[in-house]
Amino acid sequence: MLWMKITRKYEPKLAGRFEFYSRHSPKNKKMRKTILICGLIAGLISTSLFIGLMILGKGGDGNFKNGMLYGYTLMILAFSFIFVGTRITRDKYNGGGISFGKAFRVGLYITLVASTIYVLVWMIDYYFFVPDFAEKYGAHVLENLKASGASQAEIAKKTAEMASLSEMYKNPLFIALLTYAEIVPVGLIVSLISALALKRKKQEEYPVAA
């Protein structure tokens, strides 16, 4: 019968998909392990500046002028492991092919692992080394604003914004969400680029029963 032929034709592909969605399949466990390892490495790279300063006892010595540059450089370097994890998943566990959606999900999971490490390390740094971060950052912003020749109205408006930020920084949930918002977009952009660059159709042949 026709439906039996069609079922036999796509049986290997369906079995592979069931294996992918099966939480306990050996292949899926290895894929999750790859994602976890790449996420952990990315998280450690992205937080290496925080960790290094804490080890040296300089966790509170914030260099606001270059800190953002160093921070985003480390994030981009860290998220290069999205390419590594996606390629390993494609070549070792997915028969040499991977769809855009699946490649993006791999990148997303790596991003979430790395970002969670980033948030946790920053909160340790904040609470134990630089609890006055918001005040120091606000003073830095206002100093630069005054040096640029801003009007009194602009300075007053920014002063109110910095005071509001300092108040919100008393809420751990706000700190966590703000820190996630700092790093997650970088990971999503890299995940998108990685998925576009590494997507590839499988070259598979399924025999049709006579």
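What percentage of the 210 residues in the chain is buried? I began with this question, working from a predicted model, and I noted that buried residues make up 34% of the chain.

**Entry 1, the chain as a whole.** I looked up the secondary structure next and found nine helices and zero strands in the chain, so that the pattern read along the sequence is α-α-α-α-α-α-α-α-α. I then turned to the contacts between residues with a separation of 6 or more, and I recorded that 80% of them are accounted for by residues 24 or more positions apart.

**Entry 2, salt bridges in helix α5.** I asked how many salt bridges the structure holds, and the list came to five. I took D91 as my starting point, where the side chain meets that of R87 in a salt bridge with an N to O distance of 3.6 Å. I checked the positions of the pair and noted that D91 and R87 lie four residues apart in helix α5, which spans residues 80-93, and therefore about one helical turn separates them. I also looked up how accessible the two partners are: D91 is partly exposed at 36% relative accessibility, and R87 is likewise partly exposed, with a relative accessible area of 48%.

I followed D91 to a further partner, R90, and found a salt bridge between their side chains at 2.7 Å, N to O. The side chains of R90 and D91 are also listed as joined by a polar contact of 2.7 Å. I wrote the three residues down together, since R87, R90 and D91 are linked in a network of salt bridges.

**Entry 3, the surroundings of R90.** Is R90 buried or exposed? I found R90 to be buried, because its relative accessible area is 4% and the cut-off for buried is under 20%. I placed R90 in helix α5 and then looked up what it touches, leaving aside residues up to four places away in sequence: the contacts of R90 are G95, G96, G97, I98, L198 and R200.

**Entry 4, another salt bridge.** I went on to K136, which forms a salt bridge with D132, and I noted 3.9 Å between the closest N and O atoms. Both partners had their accessibility looked up in turn, with K136 counted as partly exposed at 34% and D132 counted as partly exposed at 32%.

**Entry 5, the packing of α7 and α8.** How do helix α7 and helix α8 pack, and at what angle? I noted an angle of about 170 degrees between α7, residues 133-147, and α8, residues 152-168, with the axes 9 Å apart. The two helices are therefore roughly antiparallel to each other, as angles over 145 degrees count as such.

I then went through the residues of this contact: from α7, A134, E135, Y137, G138, V141, L142, L145 and K146 take part, and in α8 they meet E154, I155, K158, T159, M162, L165 and S166. Sorted by character, the residues of the contact of α7 with α8 divide into eight nonpolar, three polar and four charged.

Terms used. Residues numbered from 1 in each chain as written. Predicted model: local features only at pLDDT ≥ 70, side-chain atom pairs only at ≥ 80, totals over all residues. Heavy atoms only, no water. Buried < 20%, exposed > 50% of the residue type's maximum accessible area, 1.4 Å probe, protein only. Polar contact = N/O pair within 3.5 Å; in protein donor to acceptor, adjacent residues only side chain to side chain. Contact = heavy atoms within 4.5 Å. Axes fitted to C-alpha atoms, helices over the stretch in contact; angles between N-to-C directions. Parallel < 35°, antiparallel > 145°, perpendicular 65-115°, else oblique. Nonpolar A, V, L, I, M, F, W, Y, C, P; charged D, E, K, R; others polar.
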